[in-house]
Amino acid sequence: MVVNMRNYILIVEDDNDISQMLKELLEQNGYEVSQAFSGTEALFYIEKELPMALILDLMLPGMNGEQLLAKIKQEHPEVAVIISSAKEDIKIRVELLRAGADDYIVKPFDVDELLARLEAVLRRSGKSVPESGGVTVAQKSTIQYKDIEIEPEEFKVMAAGQEVRLTKREFMILELLMKNPGKVFTKNNIYESVWNEEFLGEDNAVNVHISNIRQKLAKINPDETYIETVWGIGFKMK
């Protein structure tokens, strides 16, 4: 028998780091969470317990996100589905919304925006939102990864217990990477997120700023590698 749990969200994402980040974020905001790493596994969870909403990646092993969306909306149209994908093509987004998706958010996304969109989708469908819902990353004391801690409101970075002095853009780059550990960001992603301008493919500013961040972190902890270069693609937290 399928049971609908109050405030129960199913994450369908094959990237373990992103899935874990989303799980921790949602649980901190009062949601019950399960994680599926393929379309088939998601169906197994849905048969056992019907979630209020899915956060659904498109690029899944086996049954892809588009196929899973169609099956869910056919069998359980009351379940809200938020697509979470790096695909930015407006035609794809429109097609999925017309196919039944309740919302679409492009990776890399801001976690505050994801929470707000989830709350909006749940309210539109008449479902409840946890009383603790709406607590954002900026309201938490720190963002943590390995031995790095960021305090966004104070514009402060600590590594191995020592303060790291970063420029505004260095701080924004590190914060972007730490909010999405394991996610590979292209130079285009980073430039447009931090500089808020179109990336023309020739500016070396991203490489310079990444190098500066690495050097400053290495002075404190030379034995640790925090930012990894994914050759031909971009950068991620290691």
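In this predicted model, helix α2 (residues 39-48) packs against helix α3 at an angle of about 20°. The axes of the two helices lie 10 Å apart. Angles under 35 degrees count as roughly parallel, so α2 is roughly parallel to α3. The crossing of α2 past α3 is right-handed.

Helix α3 (residues 65-75) also belongs to a β-α-β unit. Strand β5, helix α3 and strand β6 make up this unit, and it is right-handed. Strand β5 spans residues 53-56, and strand β6 spans residues 80-85. The two strands pair in the parallel sense, over four bridges. Within this pairing, Ile-55 stands opposite Ile-82 in β6.

Strand β5 has a further partner in strand β2 (residues 8-12). Four bridges join β2 to β5, and the two run parallel. Val-12 has Leu-56 in β5 as its bridge partner. Both faces of β5 are covered. On one side, Ala-53 and Ile-55 are buried. On the other side, Leu-54 and Leu-56 are buried as well. Leu-56 is thus both a buried residue of β5 and the bridge partner of Val-12. Ile-55 is likewise buried and stands opposite Ile-82.

A second region of pairing is an open sheet of three strands. The strand order is β12-β14-β13, and the pairing is antiparallel. Strands β12 (185-186) and β13 (227-230) are the edge strands, each pairing on one side only. Two bridges join β12 to strand β14 (residues 234-237), and these strands run antiparallel. Thr-186 stands opposite Gly-234 in β14.

Aromatic contacts were examined next. A search of the whole structure finds three aromatic pairs. One of them joins Phe-44 and Tyr-45. The ring centres are 6.0 Å apart and the planes meet at 70°. Planes over 60 degrees apart count as edge-to-face, so the Phe-44 and Tyr-45 pair is edge-to-face. Phe-44 is partly exposed, with a relative accessible area of 46%. Tyr-45 is also partly exposed, at 22% relative accessibility. Tyr-191 and Trp-195 form another aromatic pair, and this one is stacked. The distance is 4.9 Å centre to centre, with 5° between the planes. Tyr-191 and Trp-195 are both buried, whereas Phe-44 is partly exposed.

Note on methods: Residues are numbered from 1 along each chain as its sequence is written. This is a predicted model: local features need pLDDT of at least 70, side-chain atom pairs count only at pLDDT 80 or more; totals for chains, interfaces and linings use all residues. Side-chain values use heavy atoms; hydrogens and water are left out. Buried means under 20% relative accessible area, exposed over 50%, partly exposed in between (1.4 Å probe, protein chains only). Two strands pair if DSSP finds at least two bridges between them. A crossover is right-handed if, with the strands pointing away from the viewer, the path from the first strand over the helix to the second runs clockwise. Rings of Phe, Tyr and Trp (its six-membered ring) pair if their centres lie within 6.5 Å; planes under 30 degrees apart count as stacked, over 60 as edge-to-face and the rest as tilted. Axes are lines fitted to C-alpha atoms, for helices over the stretch in contact, and angles run from 0 to 180 degrees between N-to-C directions. Angles under 35 degrees count as roughly parallel, over 145 as roughly antiparallel, 65 to 115 as roughly perpendicular and the rest as oblique. A crossing is left-handed if the near helix is turned anticlockwise from the far one by less than a right angle, and right-handed if clockwise.
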